[in-house]
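Hi everyone, thanks for coming. I'd like to walk you through one structure today, so please pull it up and follow along.

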Amino acid sequence: MGEPLVGLLGEAGNEVHVTTRQERKPGEGIRYFTGNAHEEGFLRGILEKGYGAVLDFMVYGSGEFRDRLPLFLENTDQYFFFSSARVYARSGEPLTEASPRLLDVCRDRQYLETDEYALAKAREEDLLLTCGRKNWTIIRPYITYNHRRLQLGVYEKEHWLWRALKGRTIVLPGDIAERSTTMTYGPDVAAAVAKLVGNPGALGQVFHIAAEERAAWKEVLEIYLEVIEERTCIRPKVLMPEDSAGLQKVWNGAQIKYDRLYDRTFDGKKLAEVCGDTAFRDLRSGLRECLNAFLDSPVWLGFNWRYEAWADRYAGERTRLGDIEGRRNRLGYLKERYL
């Protein structure tokens, strides 16, 4: 979402300032500040300039967010807090912005004692909802994709596509594969957010931004398999354990239990009332184009070697140690795979 949003705001004639960990060349109307936005001194020095809007993509613990929220609200006309549609509880109906949240209805005391992502985001929302000010907008995106991010269930591309291209088996639990989901093209989400910037109807409001089209994860998998087979002339192997109990031991179990095992569909009426019609790309053509674009110029990010070991053990396969960077990662893989 971030890069296309910067481009859209710049093209609209805004002066856009972006914090970054890496040196970047400025563009027309776009200036970069290099540093760590988790460091209050760095952040305070930038916010003192005063902004018409601040769009905050950072991920915080709820305590960290509480400490810096006044700094944001006092130095901008409109603060955008990027939450997540993972805050919602299970629902048999399309989700609206008023649908119950996990934080409010969950009875799992052990889970509620954590600051897991969905709970942290909901607690941070509450800080805004009760702050006594209205110069904020809460955004709840759900699963977004582009040519660099292609998800399957809980997996990023590094956990399913990499295996497929290496000739190993994609292991997708059946209870996740059967669930319905929505996936939204990242630049479409950015275009919707851009319509909310400076929009008086967005102040003090919550919006989820997600396509209404839905598909089961097994249907998403089939789209991916078609593209890979077209490109390589080899159809990847797939195994589907009956349930995700084993995966939950090597993954964020709460993400599976309290999101990916839910059917997710969204009602987009509120966003349309404030922004007008918002067009979202159809899932099949979007995923096909993005996967083909990635395969043209693949760039891999971080790997979860504990998961890789679990998937290899389940499929009766193994990863070449030469493919695993770092002695600690290799030892961790071997321990999980064989012990």
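I'll go through a pair of strands, then salt bridges, cysteines, one helix, two single residues and a surface patch.

Some housekeeping before that. This is a predicted model, so local features need pLDDT of at least 70, side-chain atom pairs count only at pLDDT 80 or more, and totals for chains, interfaces and linings use all residues. Residues are numbered from 1 along each chain as its sequence is written, and side-chain values use heavy atoms, with hydrogens and water left out.

Okay, strands. When I say helix or strand, I mean DSSP runs numbered from the N terminus: H or I over at least four residues for helices, E over at least two for strands. And buried means under 20% relative accessible area, exposed means over 50%, and partly exposed is in between, with a 1.4 Å probe and protein chains only. Look at strand β1, residues 16-20, where the side chains alternate. V16, V18 and T20 point to one face and are buried, whereas H17 and T19 point to the other face and are not. Two strands pair if DSSP finds at least two bridges between them. β1 pairs with strand β2, residues 30-34, in the parallel sense, over five bridges. If you want a spot to zoom in on, H17 stands opposite R31 in β2.

On to charges. Side chains of opposite charge can pair when their charged atoms come close. The rule here is a side-chain nitrogen of Lys or Arg within 4 Å of a carboxyl oxygen of Asp or Glu. How many salt bridges does that rule give? The count comes to 34.

Let me show you three of them. D115 bridges to R123, with the closest N and O atoms 3.0 Å apart. D115 is partly exposed at 33% relative accessible area, and R123 is partly exposed too, at 23%.

Now R140 and E125: their side chains meet in a salt bridge at 2.8 Å, N to O. R140 sits in strand β5 (residues 136-141) and E125 in helix α6 (residues 117-129), so this pair ties together parts that are 15 residues apart in sequence. Are these two buried or exposed? R140 is buried, at 4% relative accessible area, and E125 is buried, at 0%.

The third one is R163 with E308, closest N and O atoms 2.8 Å apart. This pair links distant parts of the chain, with R163 in helix α7 (residues 157-165) and E308 in helix α15 (residues 305-315), 145 residues apart. Both R163 and E308 are buried. They also belong to a salt-bridge network along with R168, K237, D312 and E317.

While we're at α7, let's stay there. Eight of its nine residues are buried, so it is mostly covered. The buried ones include W160, L161 and W162. What do the buried residues of α7 pack against? They pack against β7 (170-171), α10 (217-232), α14 and α15. After the helix comes G167, which has a positive phi, near 85°.

What about cysteines? A disulfide is a covalent bond between the sulfur atoms of two cysteines; the cut-off for the search is a pair of cysteine sulfur atoms within 2.5 Å. Searching the whole structure turns up zero. As for where individual cysteines sit, C131 is partly exposed at 27% relative accessible area, and C290 is buried at 4%.

Next, two single residues. L291 is in helix α14, residues 283-296, and is buried, with 0% relative accessible area. Contact, by the way, means heavy atoms within 4.5 Å. Leaving out neighbours within four places in sequence, L291 is in contact with L150, L161, Y224, V227 and I228. L291 and N146 are 145 residues apart in sequence, yet 8.2 Å apart in space, C-alpha to C-alpha.

The other one is R260, in helix α12, residues 253-260. R260 is buried, at 4% relative accessibility. Not counting residues up to four places away in sequence, R260 touches several others, among them R86, Y142, W217 and Q255.

Last stop, the surface. L321, L331, L334, Y338 and L339 make a nonpolar patch of about 530 Å². Patches are made of residues with over 30% relative accessible area and no salt bridge; like charges are joined within 9 Å, nonpolar side chains (Val, Leu, Ile, Met, Phe, Trp, Tyr) within 5 Å. The accessible areas come from the Shrake-Rupley method with a 1.4 Å probe, and for residues, only the protein chains shown count as cover. L321 is in the loop between α15 and α16 (327-338), and is partly exposed at 38%.
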